[in-house]
Structure formats: structure tokens, C-alpha cells
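Here is a note to read alongside the model. Please keep the structure open and find each residue as it comes up.

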Amino acid sequence: MAEKKDNGDVDEKSTSKKDKKEDNVETQDSNDKSTTITIGVIIILVLLSGYVYQGITGNTIFSSKTTEVKNEKIKIGYMGPLTGDAASYGHAIKRGVELALKDSQLENVEIIYEDTKCDGKESVNAVNKLINIDGVVAIVGEVCSGATLAAAPIAEENNVVLISASSTSSKIIDAGDYIFRTIPSDTNQGKFAANLLFENNITNLSILYGNEEYGVGFNDILTSEFEDLGGKVVASESFERGSVDLRTQLSKIKKAKPQAIFIVSNSPDSAVAALKQIKQLGIRVKIYGSEGLKGPEVAAVKTAQGLIVTSVSAGTTRFANDYMAEYGLSPEPFSPQGYDAFDALAKAIDDGAKTGPEIKDYLYKESFTGASGDIEFDSDGEVTGTYDVYQLKNATFVMIP
Amino acid sequence: MSLLLQVIVNGLIAGSIYALVSCGFSLIYNTNRFMHFAHGVSVLVSGYILFTLFTLLNFNFYFALISSLVYSSFIGFLIFRIVYLPLQNRKASNVILLIASISLLLLFQNLLQMIYGANVKDIGFTDIKIGYEIGDVIITQNQIIILIISIILFVSLFLFMNKTKLGKNMRAVSENKELASIVGINSKKVSDLSFFIGSFLGGIAGVLISLEQNVTPYMGTMLTIKGFTSSIIGGIFSVPGSILGSYILGLAENLGILYLPSGYKDAISFVLLFLFLLLKPNGLFSSKRRVN
């Protein structure tokens, strides 16, 4: 980069010498242009590296082993997408966390929020900042599986509890002792979805999935479970997170003549585009989706009505009432899991746990009925949840018994 | 066979969308010789103005459409006058202008997100329905409009750059600014106009893309990257070339994933970008004398 810049400077100096011959000037002018283009390409690459390296684990440079508790207040971090295309999930979980903080009546707890845009790089920055600068003892987050997996080794290394309310990738099971979640793994949802499809007499399935931890993992599990049942996956096509042109993937799916399409996406932008383009391309099959589709943006798509999604618990009636009273909203996707994630930490702190290791030990012993159901962590920090089936009718998701 | 035809049409639609962005981008580059990455701002602003006036405030669609185009043209022009021109007057290098343009794109992206939120916005002008079936190929009305407009742009920009006085002036300034001023061309005025027209084209792109793909604060960045890639392929020194480059990119991406796994879609476009930079840095349609 520095070398290129030098070149540019030299060019400018020499072009300013006006006594040069014309063709000579043109050569340097052209060099200047190609320098600009090269720098343009470098910048594009830097911008792009975010997409390419999303989800790759980064190691911390500033790892400090000790987490001192200097202040009287115990600091808890929150990290998730508060901006970006997954922001609606991040805000839903944040609202769950805030409600849990209010209900816990803990006065010695402070929450520090970090926005990560569901991006692996950003989540590494956020977890480093929360641990090394703010000195948190536990973190609620990340939201997307790729980002959770990127942050997990850093939390583990620093003995800080990381508890996710929405990351469902099966890889998180092995992420470490300090890594918990209040949402069951996709291993369970994939199995549940495969059974649901098979019960609905679907034997030829196609899968459209996001090309990242969540989508890839879900696709693998759903494919193997569905084929174990005797079904056949006739097409499985992927797309980049946030991509809005899925016509060719869908054309390939159409050609394979499936009985149903199962969409796995945690990007509302892409899910909305897929549902629109399925209609535009005249693909008339049943459409199913993972819980990532159960959000307000998808519900608003007029032609998506009839869509069936599998989803983790939408929360107890009591939670729904409390949520309505607090925010004037019905519980959003993952907000009960967010409530439970903070509640699990709050119960540990209430019991006297002050440091990461103390909270971790308490969590493994803990068992309570939370907003999303029974919470009891197994030796991998996992919960066993149940799933429900919802259908989109008149722009709302209605539970099918 | 029917799949192949459908994928070619998909490629042409994608190419038209890229062309809408790249022609304005390349027009501005042609006259001013720096990468105006903030071209995405015109696209964004036009999409959000359309959303605000038509969807939120229920104004007449055509009023909203014309306002979007006016706003996006002026925003491009003002960016030139308020940001680039003072920098140029201070003898800032093109690299500095490039960095300024990227920060402008990020600034507007985040401003719009602050105002409107990160959610996908649907303009809701046309109902989502199955497209026309022509043989085995399906295409919607909006996509036909996008295709036609980008072809019209291709022809009219070709004529504009080669036949009109203003177009010739732009080419003169782009080739040699000093020589152009000697023969009496006001290069500042030409720059003004290039930003105005380029951003107007960006506005057209914003409207059509919003109708086709909905509005999000992030669409500007991805479209600018694709528009830039198209310009490199087609030849950044040629406006009609960059439109053809867009079609090549759209077709390559879509035909590529017909045979490769779909996850390679973006990879294909960047492999193409590198191949062109290595083997044909001036693109397919730039005249040879610039190669030196």
C-alpha cells in the first residue's frame, strides 16, 4: 500500500512538470489511473473480507487472564446485531434481557451493550472490549451462530460466561465450558423439521439455505435426517447472507420439481427476496422455513401467506402478558430465550456468584422454569427444548397444534 | 434447455440492474478520473425518497418518482460541490477523494439506518405475482421495464458521449484536462454536469431497484461494488462499455452457478474482476491507445 502511494506521489510531481512531451504525460496519466484502480480494488477487498471471513475465529491480542471486580456493580455484557440486516433479532433479545433485568430487581448489575451486526469480526472486537475494557463477568450473546463461534474461544480463554439466546448451530455444543445457550441445537430442530415434512407426505424436498454456520449446519442435519426417513432431497441451493437475487437458485430448484421448499435463513432481507421470487417464478409448492423466518418482515410479505415454520418456544402466556405490558408488543422471536439467558445469570448473581467461574459453576447446577420453558443446562451447556409449528395467516404466525 | 434460457434471462435481469448503477459510476469516473464510490448514495437516497413519499406519505407515485430523481441528482451534485471540489482545490490526490467518497457512502448508509431502521422496506407499488410466461421463461413486468430502460440508457449514452457537444466535451476533459481548457472548455462546468447526470442515472437505478428488490440501507454498498466490477470488466474509460460489462457480470454469475454450487456466486464475480485486472486492465471496450 505504502509503495503504491509513493508511486502516486511521484506521478503527480512529474505530471506537474509541464515541459514534458505529450505522449510521456499520457503514460504517467495512465499510471496514475491504474494506481487509482489498484487502490480501489484494495479497498473493495478490505470491504469484502468481512463477507469472506465471516465466522472465522480470531484470536485475541489483548488476552488478559484476570477479570477483576473493582466496582461494586457487577457488569454483564450484551452483544448482538443492533444494526444491520439481523437487527430485529438483536432488539428482540435485548428487550427480553431488559425485562429480565427489571424483574430480577438486582440493583448491583449493569448491562453494557455492544452492536456486532451478526458479523464474526465485529463480535471478536466486541467480546474483547467487553472483557478487557469493561471487565464483564458474563455476556448474553451472540445472536448469529457464526458470530457466537467467533467470540466463544475468547470468552472461554478469559473465563467469562457466554450465553446465547438464539445461536442454534450444532458446533456450539463443543465450543467450551463457559459457553451456554437457552435455545436448543439445530440437531433437534433438523430432526423435528424432517419429521414434520415426512408426516405431511413430502418425499421430494429442496432446501434453500444461507451459506454460513447456521444455514450450512441446518442443511446438513435436515438432509441426513430426511433421507434417513426415506425421503429424497432433490436440490439444495445456497445463497450469501443478505443476497437479494436468488432467481437462479430458485430456477434450479424449480427444475428439480420438489414437493416442497424448506428455507433456512437468518437474514430477513434474503428471506423476503426468496419468498417474492418463488412467487414471481411461478413455483407452486408448499413452503416451509426455519425459525429465522418467523419475524415481522417475512410476515408482511403478502404472497408468503401459508408459509409454515418450525420454531422454538414462543414463550409462556405469562411472559407474553408481561411483554405486552412492558413494550406493547407480542413476544418477538428469541425474546423469551433472551429473558431466560439473563434470568439464568441473574439467579447466579442473586445467589452470590461474582466472577465468571462462580457463575459458570452455578449455571451447571441451576434448574428453573423460565419464559421459554424448563431451563436446565447439561454438561455441554445445552438445553433440550421443544418445537412448535406455526403457519403464516393474515400477516401473523399462528401456532398449529 | 428451458432452465438454461431462464438462467440467461436471470443473468440479463441481474446485468441490467448492475448496468443501471455502473453507467452513472463510469460517467462520473470518465470526466473526473476518481472513483466516486458515494455514487451508491444517489441510489440509496432515491430509493428512500420514493419509499417516504409514496409508501409512507401516500403521494402520487409519479410525483414521488420525479422527486426521487430530483433529490438524487442534487445530492450527487452537492457532494461534488461541498466535498470533492474543495478537496480538489486544495490539490488533494485522487486517493484522498476516493477515501472521502467511501466515508460518504458509509455516512449516508448509517444516517438512513438511523432514520428508517435496518428493516427491509417494501415500496408496495406493484403486487407480487407470477411473471409473464414466454415459452418456458418467466419474467415480470418490472423486470421487462428494467431491461428496456438499461438498453435505452446504453444507446442514448453511446449517442450522448459520441455525438453531442457536451458528451464530446466530457470526453475531452477526461482525456486531457489542460488541453481541454486551452480550447475553451470549462472543465468545472463539465464536472458539475457529469455529477448531475451521473447521479440522475443513479436515481433511476434507485427507483427501479427499490421496486424490484425492496429498500435496505445496505443496498448502496453491494450495488456500488457490483457496479465497479462491471465497469472494470467493460472498461472504466467507456460508459457504454461498462453497461456491456454489467451484462457480462450478470450472465457470468448466473450461468456460473448453474454448473457450480450456488455459494460461489460472489466468488465468480471477483475471480472475473481479478482476471480482467491481470490480463485486460483497461477492460473489454476501452480504445487501445490508452493502453500505452
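1. Start with strand β1 (residues 74-80) of chain A. Seven of its seven residues are buried, so the strand is largely enclosed by the rest of the structure. Buried means under 20% relative accessible area, exposed means over 50%, and partly exposed lies in between (1.4 Å probe, protein chains only). Strands here are DSSP runs of E with at least two residues, helices are runs of H or I with at least four, and both are numbered from the N terminus. A:Ile74, A:Ile76, A:Tyr78 and A:Gly80 point one way from β1(A). A:Lys75, A:Gly77 and A:Met79 point the other way, and all of these residues are buried.

2. A word on the source. This is a predicted model in which local features need pLDDT of at least 70 and side-chain atom pairs count only at pLDDT 80 or more, while totals for chains, interfaces and linings use all residues. Residues are numbered from 1 along each chain as its sequence is written, chains are lettered from A and ligands numbered from 1 in the order in which they are written, and side-chain values use heavy atoms, leaving out hydrogens and water.

3. Which strand pairs with β1(A)? The partner is strand β2 (residues 109-115) of chain A, in the parallel sense, over seven bridges. Two strands count as paired if DSSP finds at least two bridges between them. Look for A:Gly77: it stands opposite A:Ile112 in β2(A).

4. Now compare strand β11 (residues 367-370) of chain A. Its side chains alternate. A:Phe368 and A:Gly370 point to one face and are buried. A:Ser367 and A:Thr369 point to the other face and are not buried. Four bridges join β11(A) to strand β12 (residues 373-376) of chain A, and the two run antiparallel. A hairpin connects them through two residues. A:Thr369 has A:Asp374 as its bridge partner in β12(A).

5. Next, the salt bridges. A search of the whole structure finds 19 over all chains. The test is a side-chain nitrogen of Lys or Arg within 4 Å of a carboxyl oxygen of Asp or Glu. One of them joins A:Arg95 to A:Glu332, with the closest N and O atoms 2.9 Å apart. A:Arg95 lies in helix α3 (residues 87-104) of chain A and A:Glu332 in the loop between α11 (317-327) and α12 (335-350), so the pair ties together parts that are 237 residues apart in sequence. A:Arg95 is partly exposed at 23% relative accessibility. A:Glu332 is buried at 18%.

6. Helix α3 of chain A has another salt bridge to look at. A:Lys102 pairs with A:Glu326, the closest N and O atoms being 2.6 Å apart. The pair links distant parts of the chain: A:Lys102 is in helix α3 and A:Glu326 in helix α11, 224 residues apart. Is A:Lys102 buried or exposed? It is exposed, with a relative accessible area of 51%. A:Glu326 is partly exposed at 34%.

7. A:Arg247 and A:Asp245 also meet in a salt bridge (3.8 Å, N to O). Both residues are buried. They belong to a network of salt bridges with B:Glu212 and B:Lys265.

8. Helix α8 (residues 247-255) of chain A holds A:Lys255. A:Leu250 is found in helix α8 too. A:Leu250 is buried at 0% relative accessibility. Its C-alpha atom is 8.0 Å from that of A:Ala274, 24 residues apart along the chain. A:Lys255 is partly exposed, at 47%.

9. Turn to the surface patches. A:Lys254, A:Lys255, A:Lys257, A:Lys279 and A:Arg284 gather in a patch of positive charge. A:Asp174, A:Asp177, A:Asp378 and A:Asp380 gather in a negative one. A:Asp174 lies in the loop between β4 (161-164) and β5 (179-181) of chain A, and counts as exposed at 67%. Patch residues have over 30% relative accessible area and no salt bridge; like charges are joined within 9 Å, and nonpolar side chains (Val, Leu, Ile, Met, Phe, Trp, Tyr) within 5 Å.

10. Finish on chain B. B:Ile66, B:Val70, B:Phe74, B:Leu78 and B:Ile82 make a nonpolar surface patch of about 460 Å². B:Val70 lies in helix α3 (residues 61-89) of chain B. B:Val70 is partly exposed, with a relative accessible area of 40%.

Technical notes
Accessible areas come from the Shrake-Rupley method with a 1.4 Å probe; for residues, only the protein chains shown count as cover. Lys and Arg count as positive and Asp and Glu as negative; His and the chain ends are not counted. The place of a charge is taken as NZ of Lys, CZ of Arg, CG of Asp or CD of Glu.
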